[in-house]
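This report covers charged contacts, cysteines and burial in one chain. The sequence and the model are shown first.

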Amino acid sequence: MTRIFSFTQPLDVDIVNAFCLLQKGFTDQFVYYCKDRPVRFMGLGRCIALPTLDDAECELSGPAGEQPVFFSFNRFDAHNPAPADELFQSFPSLHFMLPEVVLIENERGTFLQVNSLGPVYAGRVDRFSRLALSARPRTRRSIDYTLTLDSREAWERAVDDGLAAIHAGRVDKVVLSRRLKVRAAEPFSSKDLLVNLIDGTAHGTVLLYRYADVFFCGCTPELLVRKRGADLESMCLAGTCPTSPDAQENARLAAALMADQKNRTEHDYVVCFIRDVLNRTCYSVDVPAQPTIMPLTCIQHLMTPARAKLLDGVDLWSMMGDLHPTPAVSGAPVGEAKMLIRQIEAYNRGFFAGACGYVDAAGDGEFSVALRTGVFDGEIGYVYAGCGIVDGSRAADEYDEIALKLKTVLSAFGGGTETVVAGVDGGAR
């Protein structure tokens, strides 16, 4: 049995400002920050990493009764034998990571949490509290960068391989991705990209996992699973079109997306998969028959919400494992699509399209699908985005769709000047 001591107190601060000040003293950093609602956790340091929470015993103290918050960043395909890029290889394979310090913002307020394997020393709490209260308003920084494009020819071959597998009856859908290299004109930090994502125009949940001098970050629109007691939520997100600054044109694009058979078919694979999982593990399952539109900055998606009540004995971790990956990031059937992705893509996705989130010691929490993300070392990085390939997909259209999706993670550079250069032919095997 692992005994954890957790002290939490209210703290009237802007947690992002406090994080920007405190982060200077920690190499391990974790962020799960929902921009549209107060579900925001910013962790610093690593108290302990556990393979399971089954044997963890938590002793709570302090004036607030918040549960210890464990972060979990999981790879898209943890068993893929292909090596990931050199940055992703730097991250350890861990399940539940408990920070030393967590800044919390939720519907009950803002809090400072200090975790320890022994009774929490009051002086540590006082010191972190004083520092957090002294934090000044954060500032944004623009970073110029060079983006190295992959080749359209390699992408066309990848899509052709996917369509060939579809026509052969091997899969109905496969989700393929592109990886582009970024090189900054000057050094940047995880804090720079984090602030630009939180304060910029990106919609969704901001993710950050820093380990030593490498970090993974982005802003994803896709919830995988959320648990509060017996209440469970998920989301079916697939089918894409651009947005327009003109309201009438934007409405026309959204209506065309709703009526487009290809996008509706792609979306329905996800709906059927999630509905099937919930029917096996839950009751009172509610998955509407028709999707709605999720508007984002550069694109809009078909989205169907899913809600249910968990059966006794089913926990958040097992639900995450049952739901991930959905056909939205792998294809259908899921297992065969994952094997096809291993054959077609010339790289291991690492955390991109993985399940990333948090769970507290009471078993509540949520995971998002790590879309619109990248991995960086403060000088270079790789950014990722993907799209679903079904019968009727056109390589040129999908290539351009991914370019729109990449704008979200590239907005982490804060509007810095982008220089585009041609890359090498290495997008597919």
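In this predicted model, D77 and K338 are both buried. The two residues form a salt bridge, with their closest N and O atoms 3.9 Å apart. D77 sits in the loop between β6 and β7 (96–98), while K338 belongs to helix α8 (residues 334–344), so the bridge ties together parts that are 261 residues apart in sequence.

**Salt bridges**

The whole structure contains 31 salt bridges. Among them is the contact between the side chains of E66 and R108, with an N to O distance of 2.8 Å. This pair also links distant parts of the chain: E66 is in the loop between β5 (56–61) and β6 (69–73), R108 is in the loop between β8 (101–106) and β9 (109–116), and 42 residues separate them. E66 counts as buried because its relative accessibility is 10%, under the 20% limit. R108, at 52%, counts as exposed because the limit for that class is over 50%.

R138 and D199 form another salt bridge, where the closest N and O atoms are 2.8 Å apart. R138 lies in the loop between α2 (122–133) and β10 (145–149), D199 lies in helix α4 (residues 190–199), and the two are 61 residues apart. R138 is partly exposed at 23% relative accessibility, and D199 is partly exposed at 30%.

The three pairs are listed below.

| Pair | Closest N to O distance | Separation in sequence |
|---|---|---|
| E66 and R108 | 2.8 Å | 42 residues |
| D77 and K338 | 3.9 Å | 261 residues |
| R138 and D199 | 2.8 Å | 61 residues |

Salt bridges also join into a network, which links D36, R37, R226, R228, E233 and E366.

**Helix α4 and strand β2**

How many of the 10 residues of α4 are buried? The count is 8, so the helix is largely enclosed by the rest of the structure. The buried residues of α4 are S190, D192, L193, L194, V195, N196, L197 and I198. D199, the partner of R138, is partly exposed.

Y33 is part of strand β2 (residues 29–34). Y33 is buried, with a relative accessibility of 8%. Its C-alpha is 9.6 Å from that of G357, although Y33 and G357 are 324 residues apart in sequence.

**Negative patch**

On the surface, E153, E156, D160 and D161 form a negative patch. D161 is located in helix α3 (residues 152–167). With a relative accessible area of 38%, D161 is partly exposed. D161 can belong to the patch because its 38% is over the 30% that patch residues need.

**Cysteines**

How many disulfides does the structure hold? The number is 0. For C217, the nearest cysteine sulfur is that of C219, 10 Å away, and C217 is in no disulfide. A disulfide needs sulfur atoms within 2.5 Å, so the 10 Å between C217 and C219 rules out that pairing. C217 is buried, at 1% relative accessibility. C241 is likewise in no disulfide, and the nearest cysteine sulfur, belonging to C298, is 12 Å away. C241 has a relative accessibility of 10% and therefore counts as buried.

Methods: Residues numbered from 1 in each chain as written. Predicted model: local features only at pLDDT ≥ 70, side-chain atom pairs only at ≥ 80, totals over all residues. Heavy atoms only, no water. Patch = residues over 30% accessible without salt bridge, like charges linked within 9 Å, V, L, I, M, F, W, Y side chains within 5 Å. Areas by Shrake-Rupley, 256 points an atom, 1.4 Å probe, with all protein chains shown as cover. Salt bridge = Lys/Arg side-chain N within 4 Å of Asp/Glu carboxyl O. Lys, Arg positive; Asp, Glu negative; His and termini not counted. Charge placed at Lys NZ, Arg CZ, Asp CG, Glu CD. Helix = DSSP H or I, 4+ residues; strand = E, 2+ residues; numbered from the N terminus. Buried < 20%, exposed > 50% of the residue type's maximum accessible area, 1.4 Å probe, protein only.
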